[in-house]
Amino acid sequence: MKAAVLVETGRIDICEVDRRRLAPDEILIKTAYAGVCGSDLHAFRGKHPFRKPPVILGHELAGTVVECGGDVRGVRPGDRVTVMPLLACGTCRLCRMGRENICLDKRVPGVGDWLGAFAEYALAKTSVTYPLGDATPFELGVLAEPLAVGVHAVTRQARIEPDGRVLVLGGGTIGILTALAARAAGAGDIVITDLFEFNLALTQALCGAVTVHVGRDGWEEKLARAYPDKFDVTFLCSGAPATVGQATRFTRRGGRIVVTGLFLEPVPMDLTAVTLGELEVIGSQIYDHRDFRTAVDWIDAGRFDFRTLVTHVFPLAQAQQALSVLADRREDAVKILLDMSR
């Protein structure tokens with residue numbers, strides 16, 4: 001099968017690769033679309049902690065089941081599906097505590113024998129395969145994975161109170177989807193910050209968020225005047241070091257800072273502000289089955305206009321260009337997909 005292989009930092013080649021034999025509890029999926037994620041960009045730039053060349057990138061996918069292993073039940077060829085790209089060990093202490101998303105022995109695509117999603121076909125266990133509604137386009141079904149990240153951050157970690165004030169620092173795909181999840185959770189004022197006007201306008205249109213362009217002089221002072229009581233929950237959805245200080249300055253005493261962004265290097269934090277304000281700093285790592293199910297349900301139901309998030313679609317053969325668009329940001333880009341049929 002054809003696959004987009006990161007052969008070295010900054011270079012992707014389209015290669016013919018073998019797919020391994022189907023295990024009895026696995027299904028074979030003809031990939032329709034795969035999503036390009038910020039973590040793929042980290043790998044492309046040589047900064048990902050464990051996805052190293054040569055590797056097939058990608059972990060967001062949707063497609064059609066074409067073959068099932070002998071032990072598979074409840075899934076059959078022709079089913080339209082998406083995949084939660086996480087397989088926990090199921091036996092460690094964290095798994096027994098119900099914290100499978102932070103299992104130290106979890107398996108993910110692009111590591112070991114679980115090939116990444118930038119390929120014509122994908123293998124998946126039935127336990128992490130989710131059916132898509134008949135009316136749900138594949139290009140929206142592929143958004144279940146990043147949406148589940150936002151759902152987990154909001155519903156499991158943030159504990160947003162009715163009409164609570166929410167600040168989202170970083171308006172990339174995860175930041176936008178976190179803002180949508182906060183709106184669905186009943187948040188009142190939602191403010192989102194970013195450097196790109198397009199992302200801000202999109203979030204405002206999707207969920208009525210107040211937008212703040214962080215490239216303009218005096219934006220912090222204006223935000224402080226507009227929200228003197230600060231924010232109940234602040235989501236750190238950017239890996240920019242400056243956002244850490246912004247989070248401690250804009251979160252009210254007794255409030256929560258939820259961190260979903262990946263920082264490539266250690267970042268200083270004002271722990272005096274954390275102590276004096278009794279701030280909670282909470283990590284949020286991907287999702288669990290409940291979050292993924294919620295994400296699929298929202299997409300099937302059309303809860304938000306998710307289609308507007310997809311700004312670019314490239315054929316598999318142009319995977320290099322797709323990563324370059326995300327890396328260079330010379331044009332408006334939010335969610336970039338690879339179309340395996342082109």
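The paragraphs below go through helix contacts, enclosed spaces, a pocket and two backbone details of this predicted model.

Helix α4 is a convenient place to start. Spanning residues 144–158, α4 has an axis that comes within 8 Å of the axis of helix α5, residues 173–184, and the two cross at roughly 50°. The helices α4 and α5 are therefore oblique to each other. Their crossing is right-handed. On the α4 side the contact is made by P146, L147, V149, G150, V151 and V154, and on the α5 side by T173, I174, L177, T178, A181 and A182. Nine of the residues in this contact are nonpolar and three are polar, while none is charged.

Helix α4 also meets helix α10, which covers residues 289–301; here the axes come within 8 Å and cross at roughly 120°. That angle makes α4 oblique to α10. The crossing of α4 with α10 is right-handed. From α4, the residues that take part are A144, E145, L147, A148, V151, H152, T155 and R156, and they meet R290, D291, F292, T294, A295, V296, W298 and I299 of α10. Sorted by class, this contact has nine nonpolar, three polar and four charged residues. L147 and V151 of α4 appear in the contact with α5 and also in the contact with α10.

Past the end of α4, the chain enters a loop that leads to strand β9 (166–169), and R159 lies in this loop. Most residues other than glycine have a negative phi, and most peptide bonds are trans. R159 is not a glycine, yet its phi is positive, at about 50°. A second backbone detail is the peptide bond from P53 to P54, which is cis, with omega near -5°. P54 belongs to the loop between α1 (38–44) and β4 (55–56).

The next topic is empty space inside the structure. Rolling a probe the size of a water molecule over the atoms shows where empty space is left. There are three cavities of 30 Å³ or more in the model. About 80 Å³ of space lies in the largest cavity. Its lining consists of M1, R19, R20, D113, W114, L115, G116, Y121, A122 and L123. By class, the lining of the largest cavity has six nonpolar residues, one polar and three charged.

The second largest cavity holds about 60 Å³ of space. G58, H59, L61, V83, P85, P109, W114, L115, A117, A122, L123 and A124 form the lining of the second largest cavity. Strand β7, residues 121–125, gives the largest share of that lining, three residues. Ten of the lining residues of the second largest cavity are nonpolar and two are polar, with no charged residue. W114, L115, A122 and L123 line the largest cavity and also the second largest cavity.

The last stop is an open space, the second largest pocket, with about 170 Å³. Lining this pocket are E197, L200, T211, V212, H213, R216, D217, G218, W219, K222 and L223. Two or more of these residues come from each of α6 (197–207), β11 (210–213) and α7 (219–226). The lining of the second largest pocket divides into four nonpolar, three polar and four charged residues.

Technical notes
Residues numbered from 1 in each chain as written. Predicted model: local features only at pLDDT ≥ 70, side-chain atom pairs only at ≥ 80, totals over all residues. Heavy atoms only, no water. Axes fitted to C-alpha atoms, helices over the stretch in contact; angles between N-to-C directions. Helix = DSSP H or I, 4+ residues; strand = E, 2+ residues; numbered from the N terminus. Parallel < 35°, antiparallel > 145°, perpendicular 65-115°, else oblique. Left-handed = near helix turned anticlockwise from the far one by under 90°. Contact = heavy atoms within 4.5 Å. Nonpolar A, V, L, I, M, F, W, Y, C, P; charged D, E, K, R; others polar. 1 Å grid on protein atoms, 1.4 Å probe; cavity = no way out; pocket = protein on both sides within 12 Å on 5 of 7 lines; lining within 4 Å. Points joined across faces, edges and corners; volume = space filled by probe spheres on them.
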